[in-house]
Amino acid sequence: MQISTDASTVRDICERTLRQNWRQGSHQGVEFGYTCPSPTHYPWQWYWDSCFTAIAWRRFDRERSQRELSSLLAAQQEDGFIGHTIFWNTPLNGARRFTYNVASPSASMTSTIQPPVLAWAWRIAIGDPEEVPGIVSQHQWLAEHRDLDGDGLIWIIQPDESGLDASPQFDVIWGSRAHGLPGFVLLVHRNRQLGFDLGRVVEAGGPVCCEVTTNVLHNLSRLALGLPSLTGTIIDRMYDEGSALFWPLVRPEPRHRPALTWSALSPLALPDLPEEIGRQLVERHLLDPSCFWLPFPPPSVSASDPSFSLDDTVLPGVRRYWRGPTWINAAWLLWLGLVRLGYENEAAELAGRLCTTVRREGLREYYHSYSGQGMGAVDFGWSSLALELLEPDPAAARSYL
């Protein structure tokens, strides 16, 4: 009964936050509507944030779900590209015009991607994405411009294209030019000169990365579109049997293996991941209290990894994300694997722990993995995905596909 009461409270928090973060209007004759991630820190439309909040909106107002995702398509270029941030009627200003991933200071959208989760979100919240030409053309653009080896996997040219920004898995890849460090501005400047083009970045020496979570979400969207699954390819190229973990591919190859982050477990979200591999991920890693099964799991970095840190600040006013604290969207994706593989008690335990902290702290950007204290931005839209754990959709057991 207590869980039910808590879930009702969390539901109210989620609906209130989504409604207060809703933005709509018209820009150059184009109607838009979206959920800003946080009114105090993120005013624009972020690609994967909108996909996640559209999934949550379906529980309150499916029309909002459709408007949110349709606004991403309204900003789409003729060739199918959709940038990771769309500015609409709140243009870039100040130094951001030169430090953001834009081709020019007056650009209406960034020239970089985020994990292509639109088709999967459309399937969950609205219907069949195969019937939406813009979604189909986005995947054609990805195949033409981001599939480096012709095997369906997509590559990123800078760490924030993964959505995981300053995750320590990227430290050995981008070094002093990793996200949140002063050198990142130099990386953006170099990539701008190269037109944010994967081929040109590779020719310039890279680095480029085939990141695990990015491709998990890409694969879920492909499955939603009825395209062949990439799960076998992800296993063949990214899974290491010795560690029973998935690791990113990098060119040029780094000197050391990347840090162990939750991304190594993210294939748990795939409905066709072989059971044996899934159980290895769960029993050897996710449920290990010295690694990922902390009081408020899962941390974004294994607590056993030297890079794990719950201090998100570098300089006053500058945060480095995904270096330790728990994020709701990551918890949800791993929870899908627990549900599919029959770990009912553990799935309920994860839901209960997150319910406790969301009820107490509200929807925050991320949470302290030991205390549950809210961290980062307040009134954070995609943390409304907590409802997926607390009020499970029967389709979750097959990743909604």
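1. In this predicted model, the largest cavity holds about 30 Å³ of space, and the structure has one cavity of 30 Å³ or more. The residues that line this cavity are Tyr 47, Ile 82, Gly 83, Ile 113, Gln 114, Pro 116, Gln 138 and Leu 142. Sorted by class, the lining of the largest cavity is made of five nonpolar and three polar residues, with no charged residue among them.

2. His 84 deserves a point of its own, and a student may want to find it in the loop between α3 (62-74) and β4. Is His 84 buried or exposed? His 84 counts as buried because its relative accessibility is 8%, and the cut-off for that word is under 20%. When neighbours within four places in sequence are left aside, the contacts of His 84 are Gln 45, Trp 46, Tyr 47, Asn 101, Thr 110, Thr 112, Ile 113, Gln 114 and Asp 160. Tyr 47, Ile 113 and Gln 114, which appear in that list of contacts, also belong to the lining of the largest cavity.

3. The largest pocket should be kept apart from the cavity in the reader's mind, and about 1000 Å³ of space lies in this pocket. It is lined by 34 residues, of which His 41, Tyr 100, Asp 165, His 179 and Tyr 321 are the closest to its centre. Several elements contribute to the lining of the largest pocket, since at least two residues each are supplied by α2 (47-57), α4 (96-99), α8 (184-193), β9 (313-315) and β10 (318-319). By class, 18 residues of this lining are nonpolar, 10 are polar and six are charged.

4. Ser 167 can be found in the loop between α6 (133-145) and α7 (171-174). With a relative accessible area of 3%, Ser 167 is buried. Apart from residues up to four places away in sequence, Ser 167 touches Thr 261, Tyr 321, Trp 322 and Arg 323; one of these, Tyr 321, is also among the residues closest to the centre of the largest pocket.

5. The largest nonpolar core has 133 residues, and those that touch the most other members are Trp 120, Phe 246 and Trp 332. Helix α13 (residues 328-340) gives the largest share of this core, namely nine residues. As general background, nonpolar side chains in soluble globular proteins tend to be buried together. Which residues does Trp 120 touch, not counting those up to four places away in sequence? They are Leu 217, Leu 220, Ser 221, Ala 224, Trp 332, Leu 333, Leu 336, Ser 399, Tyr 400 and Leu 401.

6. Ser 399, one of the residues that Trp 120 touches, also has a backbone angle that a careful reader should look at, for its phi is near 55°, a positive value in a residue other than glycine. Ser 399 is placed in the segment after α15 (386-390), and it is buried, with a relative accessible area of 2%. Trp 88 is likewise not a glycine, and yet it has a positive phi of about 45°. This tryptophan, Trp 88, lies in the loop between β4 (85-86) and α4, where it is buried at a relative accessible area of 6%.

7. Two cis peptide bonds can be checked next. The bond from Arg 251 to Pro 252 is cis, with omega near -10°, and Pro 252 is located in the loop between β8 (249-251) and α12 (275-286). Pro 297 and Pro 298 are also joined by a cis peptide bond, for which omega is about -10°, and Pro 298 belongs to the loop between α12 and β9.

8. Strands β11 (residues 364-367) and β12 (residues 374-378) run antiparallel and are joined by three bridges. Within this pair, Tyr 367 stands opposite Gly 374 of β12. The hairpin of β11 and β12 has six residues between the strands, and in this hairpin Gly 372 takes a positive phi near 80°.

9. A last point concerns Val 202, which lies in helix α9 (residues 198-203). Val 202 is described as partly exposed because its relative accessible area is 34%, and that term covers values between the 20% and 50% cut-offs. Not counting residues up to four places away in sequence, Val 202 touches Leu 148 and Val 208. From C-alpha to C-alpha, Val 202 and Arg 23 are 38 Å apart in space, and in sequence they are 179 residues apart.

How values were computed
Residues numbered from 1 in each chain as written. Predicted model: local features only at pLDDT ≥ 70, side-chain atom pairs only at ≥ 80, totals over all residues. Heavy atoms only, no water. 1 Å grid on protein atoms, 1.4 Å probe; cavity = no way out; pocket = protein on both sides within 12 Å on 5 of 7 lines; lining within 4 Å. Points joined across faces, edges and corners; volume = space filled by probe spheres on them. Helix = DSSP H or I, 4+ residues; strand = E, 2+ residues; numbered from the N terminus. Nonpolar A, V, L, I, M, F, W, Y, C, P; charged D, E, K, R; others polar. Pairing = 2+ DSSP bridges. Core = buried A, V, L, I, M, F, W, Y, C linked by side-chain atoms within 4.5 Å. Buried < 20%, exposed > 50% of the residue type's maximum accessible area, 1.4 Å probe, protein only. Contact = heavy atoms within 4.5 Å.
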